[in-house]
Amino acid sequence: MTARLRLQPEAVGIGMTSQRVRDRLVERLREAGIVDEATLNAIRVVPRHLFIDEALASRAYEDTALPIGHGQTISQPWVVARMTEAILQVAPKTVLEVGTGSGYQAAVLAAVGLEVFTVERIGDLLRQARKRFRSLAMNIRTKHDDGRAGWPEHGPYDAIVVTAAAPALVDVLIDQLAVGGRLVAPVGGPGAQSLVQLDRLPDGSITQSVLAPVTFVPLLSGMLD
Ligand code: SAH
């Protein structure tokens, strides 16, 4: 009887999404060089299993990208954490994300206390992400559009996070970055991309550096329902 009761949580899947499993992911990210405590705490509290299909929930706290439909992926937690801690270094209040996807990166940005604006070109993905934001009572502003145009009405932004790769940084997005702001984006073709960090310094000049090699889905043009 006791043994059966002990097994029950696993049988209904609670064990796969438990706090202990999330804590283990946070420890792994720490070992992989993520140092910012606010970022690590956001990874701990945002329920990543709610951003993917139930059939994949058992893998939600692995440090890996996972499919979310339409040929797209939820980003790897390490990449989400790395981009989040990179922008937090400039103490932003507002952030524009290009490529909502599942909504996970946006939720992590909201969890560290930022005002989040996010743009997605695939309507079906955006509708699902909006439902998740609502059910988590997260106040995240969303737009169905080609995010290569940014979201000029609410800019300039203190930070911009691009979660799909282009051959080069998009000038229109750089234009929507505030003075003192930071943009992070994967740059390169399929297979060989670099996570690039661009700063608009207080004197107006721009500097760039490479943070890490990464793999993202491509930044595409136009919109889909
Ligand atoms: N940040 C997402 C990652 C999703 S993958 C997450 O945490 O789940 C990248 C997303 O970028 C995909 O959903 C893709 O449809 C979207 N995307 C690609 N090109 C885009 C564009 N031009 N404008 C807006 N979104 C785009």
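A pocket is an open set of grid points with protein on both sides within 12 Å along at least five of seven lines. Keep that in mind for the opening stop. The model on screen is predicted.

**Stop 1: the largest pocket**

Select Q72, G99, T163, A164 and V217. Of the 35 residues that line the largest pocket, these lie nearest its centre. The volume of this pocket is about 420 Å³.

Now colour the elements around the pocket. Strand β2 (72-74), helix α4 (77-88), strand β3 (94-98), helix α5 and strand β4 (115-120) each supply at least two lining residues. Which element gives the largest share of the lining? It is β2, with three residues.

Colour the lining by class next. You will find 17 nonpolar, 13 polar and five charged residues.

**Stop 2: α3 against α5**

Two packed helices are described by the angle between their axes and the distance between the axes. Select residues 37-45 for α3 and residues 104-111 for α5. Their axes are 9 Å apart, at an angle of about 125 degrees. That angle makes α3 oblique to α5. The crossing of α3 over α5 is right-handed.

Show the side chains where they touch. From α3, pick A42, I43 and V45. From α5, pick Y104, V108 and A111. What classes of residue make this contact? Six are nonpolar, with no polar and no charged residues.

**Stop 3: α4 against α5**

Keep α5 on screen and bring in α4. The two helices pack at an angle of about 40 degrees, and their axes are 10 Å apart. This pair is oblique because its angle falls outside the ranges for roughly parallel, under 35 degrees, and roughly perpendicular, 65 to 115. The crossing is right-handed.

Select V80, M83, T84 and I87 on the α4 side. On the α5 side, select Y104, Q105, V108 and L109. By class, this contact has six nonpolar, two polar and no charged residues.

Leave Y104 and V108 highlighted for a moment. They belong to the α5 side of the contact with α3, and they also meet α4.

**Stop 4: α3 against α4**

Now hide α5 and look at α3 with α4. Here the angle is about 140 degrees, and the axes are 9 Å apart. This crossing, too, is right-handed.

Pick A38, T39 and I43 in α3. They meet P77, V80, A81, T84, E85 and L88 in α4. The contact residues divide into six nonpolar, two polar and one charged.

I43 is worth a label. It takes part in the contact with α5, and I43 also meets α4. Label V80 and T84 as well: they sit in the contact of α4 with α5 and in the contact of α4 with α3.

**Stop 5: the cavity**

Rolling a probe the size of a water molecule over the atoms shows where empty space is left. How many cavities of 30 Å³ or more does a search of the whole structure find? It finds one. The volume of the largest cavity is about 70 Å³.

To frame the largest cavity, select V162, A166, A168, L169, V170, L173, I174, L183, A185, P186, V187 and L219, which line it. Then colour α7 (171-175) and β7 (177-188), the elements that give two or more residues to this lining. The largest share, four residues, comes from β7. The lining holds twelve nonpolar residues, no polar ones and no charged ones.

**Stop 6: two backbone details**

Most residues other than glycine have a negative phi, and most peptide bonds are trans. Two spots are of interest here.

Go to G155 and P156. A cis peptide bond joins them, with omega at about 0 degrees. Where does P156 lie? It is in the loop between β5 (141-144) and β6 (157-162).

Finish at H70. This residue is not a glycine, and its phi is positive, near 55 degrees. H70 is found in the loop between β1 (66-69) and β2. From there, return to β2, the element with the largest share of the lining of the largest pocket.

Methods. Residues are numbered from 1 along each chain as its sequence is written. This is a predicted model: local features need pLDDT of at least 70, side-chain atom pairs count only at pLDDT 80 or more; totals for chains, interfaces and linings use all residues. Side-chain values use heavy atoms; hydrogens and water are left out. Axes are lines fitted to C-alpha atoms, for helices over the stretch in contact, and angles run from 0 to 180 degrees between N-to-C directions. Angles under 35 degrees count as roughly parallel, over 145 as roughly antiparallel, 65 to 115 as roughly perpendicular and the rest as oblique. A crossing is left-handed if the near helix is turned anticlockwise from the far one by less than a right angle, and right-handed if clockwise. Contact means heavy atoms within 4.5 Å. Ala, Val, Leu, Ile, Met, Phe, Trp, Tyr, Cys and Pro count as nonpolar, Asp, Glu, Lys and Arg as charged, and the others, Gly among them, as polar. On a 1 Å grid over the protein atoms alone, a cavity is a set of points where a 1.4 Å probe fits but cannot get out, and a pocket is an open set with protein on both sides within 12 Å along at least five of seven lines; lining residues have an atom within 4 Å of a point. Grid points are joined across faces, edges and corners, and a volume is the space filled by probe spheres set on the points.
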